[in-house]
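Reader: I should like to learn how to read surface exposure, pockets and salt bridges in a protein model. Might we take each feature in turn?

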Amino acid sequence: MKLMARNSLFGILLRSRWWASLLVAAALVFIGIAVTPPAYALFPLFGAVPFLVIAAIAAWKQRNRPSAARVERTTQTLAALSWSEFATRLQTALKADGCQVQPITGGAADFDLARPGAGRAVLSARRWKAAHTGVEPLQRLQSARTAAGATEAVYVTLGELSPAARAYAEANKIAVMDAESLAQLFRRQPL
């Protein structure tokens, strides 16, 4: 069930930085107090409450989000690594995140992941440096997921997915670990 339209004002504010909603609330209060008689000065405060709630929700959702500088630094560092260095660091980070990691050789997937209490996942990371990704690598990952009997699939990339690839990933419930997700994963490791 969808509670809020994606392009509604509140939907946009939920995806924006938390302080944007706080600025809207402050502007409502300031303008409301300036134009209303003193007897009705509390009413602008009531109008700002939904924006304060949205600011709190956005702040909660963004509490561990890496900064743009951190994402850029992580992207540059990871793009400079060789496959063996990247694979080793990725395994270490996934293990620190609570996953059991087993390398897979000779297929579309590079790692088999398991988390206690959750299903298995296959992860494809060998094309992490690709600037653009089309549908084909995701189709191969989907086939690897089916062959392995895994419930989830994860595709790792520092680049962009084409619109067709993004649609395929959404339709087949393939999680995409992008630069921001990698910065979040590597937050405990020095880069």
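Author: We begin with exposure: a residue is called buried under 20% relative accessible area, exposed over 50%, and partly exposed in between. Please bear in mind that this is a predicted model.

Reader: Into which class does valine 53 fall, and why?

Author: Valine 53 has a relative accessibility of 43%, and therefore counts as partly exposed. Valine 53 lies in helix α3, which spans residues 43-61.

Reader: Which residues form a nonpolar patch on the surface together with Val53?

Author: The patch consists of Tyr40, Leu42, Phe43, Leu45, Phe46, Val49, Val53 and Ile57. Together these residues present about 790 Å² of accessible area.

Reader: Let us turn to pockets. What is the general idea?

Author: A probe the size of a water molecule is rolled over the atoms, and this shows where empty space is left. Here, the largest pocket has a volume of about 310 Å³. Its lining comprises 19 residues, of which Cys99, Leu113, Arg115, Glu152 and Val154 are the closest to the centre.

Reader: Which elements each supply at least two residues of that lining, and how do the lining residues divide by character?

Author: The strands β2 (111-114), β3 (120-124), β5 (152-156) and β7 (174-177) each supply at least two, as does helix α8 (179-185). By character, the lining of the largest pocket holds twelve nonpolar, three polar and four charged residues.

Reader: How many salt bridges are there, and what is the principle behind such pairs?

Author: Side chains of opposite charge can pair when their charged atoms come close. In this model the count is four salt bridges. One of them joins aspartate 97 to arginine 115, at 3.3 Å from N to O. This pair links distant parts of the chain, 18 residues apart: aspartate 97 is in the loop between α5 (83-96) and β1 (100-103), and arginine 115 is in the loop between β2 and β3. Aspartate 97 is partly exposed at 30% relative accessible area, and arginine 115 is partly exposed at 36%.

Reader: Is aspartate 112, in its salt bridge with arginine 120, buried or exposed?

Author: With 18% relative accessibility, aspartate 112 counts as buried, whereas arginine 120 is partly exposed at 33%. The closest N and O atoms of this pair are 2.6 Å apart.

Reader: Where do glutamate 136 and arginine 140 sit in relation to each other?

Author: Both belong to helix α6 (residues 135-148); because they are four residues apart there, about one helical turn separates them. Their side chains meet in a salt bridge of 3.1 Å, N to O. Arginine 140 is partly exposed, with 39% relative accessible area.

Conventions: Residues numbered from 1 in each chain as written. Predicted model: local features only at pLDDT ≥ 70, side-chain atom pairs only at ≥ 80, totals over all residues. Heavy atoms only, no water. Patch = residues over 30% accessible without salt bridge, like charges linked within 9 Å, V, L, I, M, F, W, Y side chains within 5 Å. Areas by Shrake-Rupley, 256 points an atom, 1.4 Å probe, with all protein chains shown as cover. Buried < 20%, exposed > 50% of the residue type's maximum accessible area, 1.4 Å probe, protein only. 1 Å grid on protein atoms, 1.4 Å probe; cavity = no way out; pocket = protein on both sides within 12 Å on 5 of 7 lines; lining within 4 Å. Points joined across faces, edges and corners; volume = space filled by probe spheres on them. Nonpolar A, V, L, I, M, F, W, Y, C, P; charged D, E, K, R; others polar.
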